[in-house]
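Student: I should like to examine the reasoning behind the structural terms applied to this model. May we begin with how its strands are paired?

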Amino acid sequence: GVGLESRRFAASSPGRAVWASVAMAADACGAPALKLSEQQLTRFLREGYLQLPGVVPQDLVDAALRTINICLCKPGGAGEPKPSGDVYADQFCQAIRTETSISDLYNRSPLPCIVDELFGEGNARLDEAIPPQIALRPPDACTATDPGVQPGWHVDGLRRGLYYPFSLLVGVALSSQPEENVGNFCVHPQSHVFLHSLVKEHGPSAVGGPQLAPAAQLLAEPGDVTLVHPMLAHRGGVNLGSHIRYQVYFRIHSQQREQLVASDGIMQHPFVEFSPLHWLLPALDVGALQPNQSV
């Protein structure tokens, strides 16, 4: 690899089978099988992200892929400019970001129910101003022995001086990422608490200074989901494979986010919006969480 730690799901793991069967019954929103475990919720708080295998049914994945591939093969579909002011847009498939087959990945899967577990029932919604982000990573013109200069980590919004422009990032894998260096989503575990404290004390201009330890490349299969804390450092990974990496990202707003931002209450602590999880914080010892740094 290129010196990155990997996080792997076994394709035949019991967890994948359970979530796949749940996903096929997406309408059973209140079913006990949809409940995240205390261990999963604690992992999200501690690490700043949580991977869930097989959440989105394959038929929804296939429909989204069909829409994207039709767009890519149209003249101009593979290189449309960013809409003005839309910082979450890649250069691909702008015309289809509001298509039903794309939004169905969230709306018709168990994802709204899972998100409710983090924020409380009915206390979160999709960002209405920013459509889903269709994130494609074509193969890079580099090699394993000469990976070139890779992009550094970032936190969405901070480059523009914004604190918490959304409450949760939700990624849905549409293509197989069974190994490192195939365009994987890369995260810096536990950086969300550290960076929150840094921004709280010094403002957003301080972010970008710390050199974090190598990121974790997340391995995934179609339908897998990653829930990401909005202050977690992350970046896109190099694609040394022969296929395009397909992913879609949704940005979630909690119902109290605007009020918290206006009153600066958003900076109280990193989990102020995740009120259903507050009971787990005393045992977590949030103050002890620090990402490994390379300085």
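Tutor: Leu 52 stands opposite Val 225 in β8. Please bear in mind that the model is predicted.

Student: What makes strand β2 and β8 a pair?

Tutor: Two strands pair if DSSP finds at least two bridges between them. Strand β2 (residues 49-52) is joined to β8 by 4 bridges, so the criterion of at least two is met. The two strands run antiparallel.

Student: How do you know that β5 also pairs with β8?

Tutor: The argument rests on the bridges again. Strand β5 (residues 168-173) has 4 bridges to β8 and runs antiparallel to it, and at least two are required. Within this pairing, Val 170 has Leu 227 as its bridge partner in β8.

Student: Which residues of β8 point one way, and which the other?

Tutor: In strand β8 (residues 225-228), Val 225 and Leu 227 point one way, whereas Thr 226 and Val 228 point the other way. In a regular strand the side chains alternate between the two faces of the sheet. All four of these residues are buried, which means that each has under 20% relative accessible area. Across the chain of 295 residues, 54% count as buried.

Student: What makes Leu 227 part of a nonpolar core?

Tutor: Such a core consists of buried residues of certain nonpolar types, joined through side-chain atoms within 4.5 Å. Leu 227 is buried, and it belongs to the largest nonpolar core, which has 46 residues. Leu 227 is among the members that touch the most others, along with Ile 68, Leu 118, Leu 168 and Leu 174. Helix α3 (residues 58-72) contributes the most to this core, with 7 residues. Another core, of 15 residues, lies apart from it and includes Trp 153 and Ile 266.

Student: Which residues does Leu 168 contact beyond its neighbours within four places in sequence?

Tutor: Its contacts include Leu 118, Leu 227, Val 228 and Phe 274.

Student: Why is the space lined in part by Val 225 and Thr 226 called a cavity?

Tutor: A cavity is a set of points where a 1.4 Å probe fits but cannot get out. The structure holds 1 cavity of 30 Å³ or more, and about 40 Å³ of space lies in the largest cavity. Its lining also includes Gln 51, Ala 173 and Asp 224.

Student: How do the residues of that lining divide by type?

Tutor: They comprise 5 nonpolar, 4 polar and 1 charged. Asp 224 is in the lining, and Asp counts as charged.

Conventions:
Residues numbered from 1 in each chain as written. Predicted model: local features only at pLDDT ≥ 70, side-chain atom pairs only at ≥ 80, totals over all residues. Heavy atoms only, no water. 1 Å grid on protein atoms, 1.4 Å probe; cavity = no way out; pocket = protein on both sides within 12 Å on 5 of 7 lines; lining within 4 Å. Points joined across faces, edges and corners; volume = space filled by probe spheres on them. Buried < 20%, exposed > 50% of the residue type's maximum accessible area, 1.4 Å probe, protein only. Contact = heavy atoms within 4.5 Å.
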